[in-house]
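Colleague: Got a minute to go through this one with me? I have a few short questions.

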Amino acid sequence: MRGRLWRATNPALPKGQRQKLANELMDARRAVRDAKDDPAAMKAARARVHAAKVALGERGPVWWDDGAPDYNRSLVKNTPYGETD
């Protein structure tokens, strides 16, 4: 998205758990949308989004164990995946 790399969900999560966490993420995103005029509710909703993303493996400690670096949120052009001239 916009030239950035984003970490994928941990593929080792059991299907049912992954779906439960994805549902929580969507609920939390809706809460962010609905909290636009309430700073306290916005903070709580954003914390829920973050917690769901960490649980899915999209943020926080890396879930892979092959020693590959984490390029999450990096510009593609600044990583080995970027095009070279």
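Colleague: Among contacts between residues at least 6 apart in sequence, what share joins residues at least 24 apart?
Modeller: In this predicted model, 62% of the contacts between residues at least 6 apart in the protein chain join residues at least 24 apart.

Colleague: How many helices and strands are there in the chain?
Modeller: The protein chain has two helices and zero strands. Its radius of gyration is 15 Å, well over the 12 Å that the globule rule gives for 85 residues, so the chain is more spread out than a compact globule.

Colleague: And what does the C-alpha trace span along its principal axes?
Modeller: About 50 × 30 × 15 Å.

Colleague: What percentage of the residues is buried?
Modeller: Buried residues are 21% of the 85 in the protein chain.

Colleague: Back to contacts. Leaving aside neighbours within four places in sequence, what does Arg-4 touch?
Modeller: Arg-4 is in the segment before H1, and beyond those neighbours Arg-4 contacts Arg-73, Ser-74, Leu-75 and Val-76. The C-alpha atoms of Arg-4 and Arg-73 are 5.5 Å apart, with their positions 69 residues apart along the chain.

Colleague: Is Arg-4 buried or exposed?
Modeller: Neither; Arg-4 has 36% relative accessibility, so Arg-4 counts as partly exposed.

Colleague: Where does Leu-5 lie, and which residues is Leu-5 in contact with, its neighbours within four places aside?
Modeller: Leu-5 also comes in the segment before helix H1, which covers 15-34. With those neighbours left out, Leu-5 contacts Tyr-71, Asn-72, Arg-73, Ser-74, Val-76, Thr-79 and Tyr-81. The C-alpha atoms of Leu-5 and Tyr-81 are 9.4 Å apart, and the two residues are 76 apart along the chain.

Colleague: Why does Leu-5 count as partly exposed?
Modeller: Because its relative accessibility is 23%, and buried means under 20%.

Colleague: Pockets next. What is the volume of the largest pocket, and which residues line it?
Modeller: The volume of the largest pocket is about 200 Å³. From the start of the chain, Leu-5, Trp-6, Arg-7 and Ala-8 are in the lining, together with Trp-64, Ala-68, Pro-69, Asp-70, Tyr-71, Asn-72 and Tyr-81. Leu-5 and Tyr-81 are thus lining residues as well as a contact pair.

Colleague: How do the lining residues divide by type?
Modeller: Eight are nonpolar, one is polar and two are charged.

Colleague: How many aromatic pairs does the structure hold?
Modeller: One. Trp-63 and Trp-64 form that pair, with edge-to-face geometry: 5.1 Å centre to centre and 90 degrees between the planes. Trp-64 is also among the residues lining the largest pocket.

Colleague: Why edge-to-face?
Modeller: Because the planes are 90 degrees apart, and over 60 counts as edge-to-face.

Colleague: And Trp-63, buried or exposed?
Modeller: Partly exposed, since the relative accessibility of Trp-63 is 31%.

Colleague: Last one. Where is Ala-41, and how far is its C-alpha atom from that of Val-62?
Modeller: Ala-41 is in helix H2, residues 39-56. The C-alpha atoms of Ala-41 and Val-62 are separated by 29 Å, for 21 residues along the chain. Ala-41 is partly exposed, at a relative accessible area of 29%.

Conventions
Residues numbered from 1 in each chain as written. Predicted model: local features only at pLDDT ≥ 70, side-chain atom pairs only at ≥ 80, totals over all residues. Heavy atoms only, no water. Phe/Tyr/Trp six-rings, centres within 6.5 Å; stacked < 30°, edge-to-face > 60°. Buried < 20%, exposed > 50% of the residue type's maximum accessible area, 1.4 Å probe, protein only. Helix = DSSP H or I, 4+ residues; strand = E, 2+ residues; numbered from the N terminus. 1 Å grid on protein atoms, 1.4 Å probe; cavity = no way out; pocket = protein on both sides within 12 Å on 5 of 7 lines; lining within 4 Å. Points joined across faces, edges and corners; volume = space filled by probe spheres on them. Nonpolar A, V, L, I, M, F, W, Y, C, P; charged D, E, K, R; others polar. Rg over C-alpha atoms; globule rule 2.2 N^0.38 Å. Contact = heavy atoms within 4.5 Å.
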